[in-house]
Amino acid sequence: MLWVDKYRPKSLDKVVVHEDIAQNLKKLVTEQDCPHLLFYGPSGSGKKTLIVALLKQIYGASAEKVKVENRAWKIDAGSRTLDLELTILSSTNHVELTPSDAGFQDRYIVQEIIKEMAKNRPIDTKGKKGYKVLVLNEVDKLSREAQHSLRRTMEKYSSSCRLILCCNSSSKVTEAIKSRCLNVRINAPSKEEIVKVLEFIAKKESLQLPQGFAARIAEKSNRSLRRAILSLETCRVQNYPFTDNQVISPMDWEEYVAEIATDMMREQSPKSLFQVRGKVYELLVNCIPPEVIMKRLLHELLKKLDSELKLEVCHWAAYYEHRMRLGQKAIFHIEAFVAKFMSIYKNFLISTFG
Amino acid sequence: MAPVLQSSQPWVEKYRPKQVKDVAHQEEVVRVLTNTLETANCPHMLFYGPPGTGKTTTALAIAHQLFGPELYKSRVLELNASDDRGINVVRTKIKDFAAVAVGSNNRQGGYPCPSFKIIILDEADSMTEDAQNALRRTMETYSKVTRFFFICNYISRIIEPLASRCAKFRFKPLSEEVMTNRILHICNEEGLNLGGEALSTLSSISQGDLRRAITYLQSAARLFGSTITSTDLLDVSGVVPLEVVKRLFTACKSGDFDIANKEVDDIVAEGYPASQIINQLFDIVVEAGDDITDKQKAQICKCLAETDKRLVDGADEYLQLLDVASNTIRALSEMAQDF
Ligand SMILES: Nc1ncnc2c1ncn2[C@@H]1O[C@H](COP(=O)(O)OP(=O)(O)OP(=O)(O)O)[C@@H](O)[C@H]1O
Ligand SMILES: Nc1ncnc2c1ncn2[C@@H]1O[C@H](COP(=O)(O)OP(=O)(O)OP(=O)(O)O)[C@@H](O)[C@H]1O
Ligand SMILES: [Mg+2]
Ligand SMILES: [Mg+2]
């Protein structure tokens, strides 16, 4: 088992970071009338960990007996029947799924599952009727229709079914949904907190962890806890005992993006554009999300540019990423950005050096 | 008041008014509907406005008050966006429901029980245009025996022919005073202690959305016990602290891109929603003193508007904030605005 999974805290009392939030969540579910929850925050900040621990807090050990299944639905959509399939995780009292995986059909899935869950309510230990929990991941990727269709459902079934929504970017969740939940912001842990977690893991694994080294991993993790733990484990495989200045290698795809940035700075021509296109395509084929490529590429370019150019390049990165969102083929828009950059940079070189 | 029953419903549902007269702040619609209760007649209705202002509450309340619990099921059809509402549903479900005749006006069990049925279409703004068009006929055909209540957040998404058949009511965001009254009522019921400062904080952070206010109140009550301060409320609401936005603005003023970039990095890592940062930045820019010219303000606001639209389209928060920062830097240091 990877360390990220092995050392994922199992209960709200055992978390190493976000202790205050964990304690608050615990109080929030002491009564049966807790509101719907929306967790949001950057990737690798610990949202899922808290959600899983919260479920355990509500339902006890039974929440840990999770089964994974591929469910198929036949949905009667008026004139036709839709066949949908989706992977769901479930225990006796909760169901977890990522509805955006169903694409445009996401709203049907959400509706079906909520109605199903609302049908048989669990009885809690004190003999009171309790509620079930539906965990929806990546709600920021949910279609507008699906979000709209949640509005009344969240109210109608609120006594039998509680929703826990999880996403990275709460700007993409409609106001009507946000209004129906308690919004819980999970910030990325600070570097000091990340070091604390690394030290915790090192101790459990009986490893010597030099302070300077831990600090460097935290520094390079971009405040993602998951990233930091993965790095630590990779470094452990590459070289142990650790030394303060041992190499912390970036991820393969990041190195590849750095290479693309270097290409763009070296030569601005149709030929170079063609080559860059090939490399970007390679990344996309390997399932690196297009917006992640765009952000990383910008990051690499900014490291190399004069300050006046930085402003302009940022502007275009934002411009093309937005267009990418509206369009269908990511590669077109990334390529357009690359071409735009080359043109700006070439003009700059000509006007500066003639 | 009876002792508060242990309920598994969140407070927002528990404190949903059951009677039209208890709906706060929407005097116009309350007046019309009170009248309806007397005359037992009403036009088709269209309720629109921002979340948490009482639209659904009002529609459900009037339906219950008109028919009472016994007739409710047979006289009221509640459809929302969760039920499939393609053209087909409109053609069949609504027709079937509307077509069954009802007896003439006769009061039953103290309820007016008018001789029409009510069809509540909640979240009507997510109905397809085709489905809305199909409704026009149905509305006319059965106008004697049905009343339609359309409810939506965005009136612009309702086709004109439908909208023009209804009496339209805009639900306003609740004023601070009304909100305060309602909150105090709940505090009373739940035995909570809320000082004046906390009350006004709660009203201001919920921005006219009473549902939000109630959720904050309940959460704060669970977390901090029965005496709740203004800080507690800010804590649960997750509003972006003013300093954060100010720091970003100051960084832009310095003209140093790298400093601004660092601020954006931090904002994203802290998980603050970009949409909210932009709202607050807008306030800061508009209220800024004389060191910023009107032209500069206009340039920044133009960019904020563009960004707002892009965020709604689902653009990346980090890149958009960086664009805002870079535009602001350019506006403040009077660089050329267009590339
Ligand atoms: N509170 C915590 N204390 C200690 N370790 C934690 C804590 N939260 C998370 N971790 C560690 O960080 C890893 C990543 O956390 P998690 O999967 O919860 O992130 P996430 O916010 O759901 O990310 P994403 O948005 O990318 O899905 C976990 O596998 C776990 O090892
Ligand atoms: N005008 C009001 N008077 C009293 N309570 C209200 C009012 N508006 C909202 N509330 C409270 O907020 C909750 C949500 O209100 P309601 O469901 O009517 O909102 P809505 O206008 O339909 O919002 P949405 O557009 O998000 O559906 C209610 O349960 C009630 O507790
Ligand atoms: Mg996760
Ligand atoms: Mg409503």
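The legends below describe close-up views of a predicted model.

**View 1. Domains of chain A.**
Chain A is split into three parts by the domain assignment: domain 1 (3-185), domain 2 (191-238) and domain 3 (252-353). Between the C-alpha centres of domain 1 of chain A and domain 3 of chain A the distance is 37 Å. Ligand 1, the subject of View 3, has residues from domain 1 (3-185) and domain 2 (191-238) of chain A in its shell.

**View 2. Domains of chain B.**
For chain B, the assignment gives domain 1 (26-170), domain 2 (176-237) and domain 3 (242-334). The centres of domain 1 of chain B and domain 2 of chain B, taken over C-alpha atoms, are 33 Å apart.

**View 3. Ligand 1 and the residues around it.**
The shell around ligand 1 has 18 residues, and the closest are A:Val4, A:Ser43, A:Gly44, A:Lys47 and A:Thr49. Sorted by class, this shell holds 8 nonpolar, 6 polar and 4 charged residues. Domain 1 (3-185) and domain 2 (191-238) of chain A both contribute to the shell, so ligand 1 lies between these two domains.

**View 4. Backbone contacts of ligand 1.**
A nitrogen atom of ligand 1 is 2.9 Å from a backbone N or O atom of A:Val17. A polar backbone atom of A:Gly44, a residue also listed among the closest to the ligand, lies 2.9 Å from an oxygen atom of ligand 1. For A:Gly46, a backbone N or O atom is 2.9 Å from an oxygen atom of ligand 1. On its own, ligand 1 has 630 Å² of accessible area, of which the protein covers 91%. Two or more residues of the shell come from each of α3 (47-59) and α9 (225-238) of chain A.

**View 5. Strand β5 of chain A and its surroundings.**
Strand β5 (residues 132-136) of chain A has 5 of its 5 residues buried, so the strand is largely enclosed by the rest of the structure. Its two faces are both covered. On one side are A:Lys132, A:Leu134 and A:Leu136, and on the other are A:Val133 and A:Val135; all of these residues are buried.

**View 6. Strands paired with β5 of chain A.**
Strand β4 (residues 94-97) of chain A pairs with β5(A) in the parallel sense, over 4 bridges. In this pairing, A:Val95 has A:Leu134 of β5(A) as its bridge partner. Strand β6 (residues 161-167) of chain A also pairs with β5(A) in the parallel sense, here over 5 bridges. A:Val135 has A:Ile164 of β6(A) as its bridge partner. The two residues of β5(A) named in these bridges, A:Leu134 and A:Val135, are on opposite sides of the strand and are both buried.

**View 7. Ligand 2 between the chains.**
Ligand 2 is located between chains A and B. There are 20 residues around ligand 2, and those that come nearest are A:Arg180, B:Val12, B:Thr56, B:Thr57 and B:Arg211.

**View 8. Backbone contacts of ligand 2.**
An oxygen atom of ligand 2 lies 3.1 Å from a backbone N or O atom of B:Tyr15. A polar backbone atom of B:Thr53 is 3.2 Å from an oxygen atom of ligand 2. For B:Gly54, the distance from a polar backbone atom to an oxygen atom of ligand 2 is 3.0 Å. The protein covers 99% of the 630 Å² of accessible area that ligand 2 has on its own.

Technical notes
Residues numbered from 1 in each chain as written. Chains lettered and ligands numbered in written order. Predicted model: local features only at pLDDT ≥ 70, side-chain atom pairs only at ≥ 80, totals over all residues. Heavy atoms only, no water. Domains from an automatic or database assignment. Near = heavy atom within 4 Å. Polar contact = N/O pair within 3.5 Å; in protein donor to acceptor, adjacent residues only side chain to side chain. Areas by Shrake-Rupley, 256 points an atom, 1.4 Å probe, with all protein chains shown as cover. Nonpolar A, V, L, I, M, F, W, Y, C, P; charged D, E, K, R; others polar. Buried < 20%, exposed > 50% of the residue type's maximum accessible area, 1.4 Å probe, protein only. Pairing = 2+ DSSP bridges.
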